[in-house]
Amino acid sequence: MGRRDGVQSGTAGGCVLNGCLAVLTLLLVCSIGLWVWAATADDRAEGEARADLRSGAETRQEKLVGAAADGVLDDGEIARAFPRGKPAQGLVRIERHGPDVIVTAELLGVGPGVFLTSETLVTGCFTFTVTPEGHVHRGSEVIIRELAVENGPSACTTAGVPSPSVSS
């Protein structure tokens, strides 16, 4: 009887081979999982930054509602609601049309960092149409609209909004 080639299960060699295969399979699965997580990290960070951007716009909306509650919305109240935040411009333009005030502002959203970056930044250009109290049937009203932009140095500039100004 000749000796059979290969390793039989239940022997010391068989246990080592099965253990090595199990460890290699586990490493492969972990590597694929890590690769998928790393490949989607940018999208997750940008999504969180965009959520922060929307939250910032809603906060500004509440500030404008409060500022317009007395029936008057002056430029100082608007400027306080939109502080300049690098790299976003903050307040870009104020337009007045009868009782309505249209405020254009570039806002900043901050998300977690990806790999070597400390944070993810996104900017967005928004218009806030404010109707002060006394001009609508239920207090002051603010309508937010995000302007469609392309990736560029300034969200409001790429949306076609002229440089910062105040017009009456």
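**Figure 1. Contacts across the sequence and the overall layout of the predicted model.** In this predicted model, residues that stand 24 or more positions apart account for 49% of those contacts in the protein chain that have a separation of 6 or more. The protein chain has 4 helices and 5 strands, and, followed from the N terminus on, its elements run α-α-α-β-β-β-β-α-β. Of the 168 residues of the protein chain, 29% count as buried, while the accessible surface comes to about 10,700 Å², with 58% of that area belonging to carbon and sulfur atoms.

**Figure 2. A nonpolar patch on the surface.** Which residues form a nonpolar patch on the surface? The patch is formed by Leu17, Leu21, Val23, Leu24 and Leu27, and together these residues have about 480 Å² of accessible area. One of them, Leu27, has its place in helix H1, which covers residues 12-39.

**Figure 3. The pairing of strands S1, S2 and S3.** Strand S1, made of residues 90-97, pairs with strand S2, made of residues 100-112, in the antiparallel sense and over 7 bridges. The hairpin of S1 and S2 has 2 residues between the strands, and in this hairpin Gly98 takes a positive phi near 65 degrees. On its other listed pairing, S2 joins strand S3, residues 119-131, again in the antiparallel sense, over 12 bridges. Glu106 in S2 can be used to follow both pairings, for Gly90 stands opposite Glu106, and the bridge partner of Glu106 in S3 is Cys125. In a regular strand the side chains alternate between the two faces of the sheet.

**Figure 4. Val92 in strand S1.** Is Val92, a residue found in strand S1, buried or exposed? Val92 counts as buried because its relative accessibility is 2%, and the cut-off for a buried residue is under 20%. Although Val92 and Ala105 are 13 residues apart along the chain, their C-alpha atoms are separated by 4.9 Å.

**Figure 5. A salt bridge within helix H2.** The structure holds 3 salt bridges, and this view is centred on the one in which the side chains of Arg50 and Glu46 meet, with a distance of 3.4 Å from N to O. Side chains of opposite charge can pair when their charged atoms come close. Arg50 and Glu46 are 4 residues apart in helix H2, which spans residues 41-67, and therefore they are separated by about one helical turn. Arg50 counts as partly exposed at 28% relative accessibility, and Glu46 likewise counts as partly exposed, at 35%.

**Figure 6. A salt bridge between helix H3 and strand S1.** Here the side chains of Asp75 and Arg96 meet in a salt bridge, at 2.6 Å from N to O. Because Asp75 lies in helix H3, residues 75-81, and Arg96 lies in strand S1, the pair ties together parts that are 21 residues apart in sequence. Asp75 is partly exposed, with a relative accessible area of 32%, and Arg96 also counts as partly exposed, at 27% relative accessibility.

**Figure 7. A salt bridge between two buried residues.** The side chains of Arg93 and Glu95 meet in a salt bridge with an N to O distance of 3.3 Å. How are the two partners placed with respect to the surface? Arg93 is buried, with a relative accessible area of 18%, and Glu95 counts as buried too, at 19% relative accessibility; these values fall within the buried class because the cut-off is under 20%.

**Figure 8. The largest nonpolar core and the surroundings of Leu107.** The largest nonpolar core has 20 residues, and those with the most contacts inside it are Leu64, Ile78, Phe82, Leu107 and Phe128. H2, H3, S2 and S3 each supply at least two residues of this core, and H2 gives the most, with 5 residues. When its neighbours within four places in sequence are left aside, Leu107 is in contact with a set of residues that includes Leu53, Gly56, Ala57, Arg60, Phe82, Ala88, Val122 and Phe128.

**Figure 9. Gly66 and Gly139.** Gly66 lies in helix H2 and counts as partly exposed, at 49% relative accessibility. Gly66 and Gly139 are 73 residues apart in sequence, and in space they are 9.8 Å apart, from C-alpha to C-alpha.

Terms used. Residues numbered from 1 in each chain as written. Predicted model: local features only at pLDDT ≥ 70, side-chain atom pairs only at ≥ 80, totals over all residues. Heavy atoms only, no water. Patch = residues over 30% accessible without salt bridge, like charges linked within 9 Å, V, L, I, M, F, W, Y side chains within 5 Å. Areas by Shrake-Rupley, 256 points an atom, 1.4 Å probe, with all protein chains shown as cover. Salt bridge = Lys/Arg side-chain N within 4 Å of Asp/Glu carboxyl O. Pairing = 2+ DSSP bridges. Buried < 20%, exposed > 50% of the residue type's maximum accessible area, 1.4 Å probe, protein only. Core = buried A, V, L, I, M, F, W, Y, C linked by side-chain atoms within 4.5 Å. Contact = heavy atoms within 4.5 Å.
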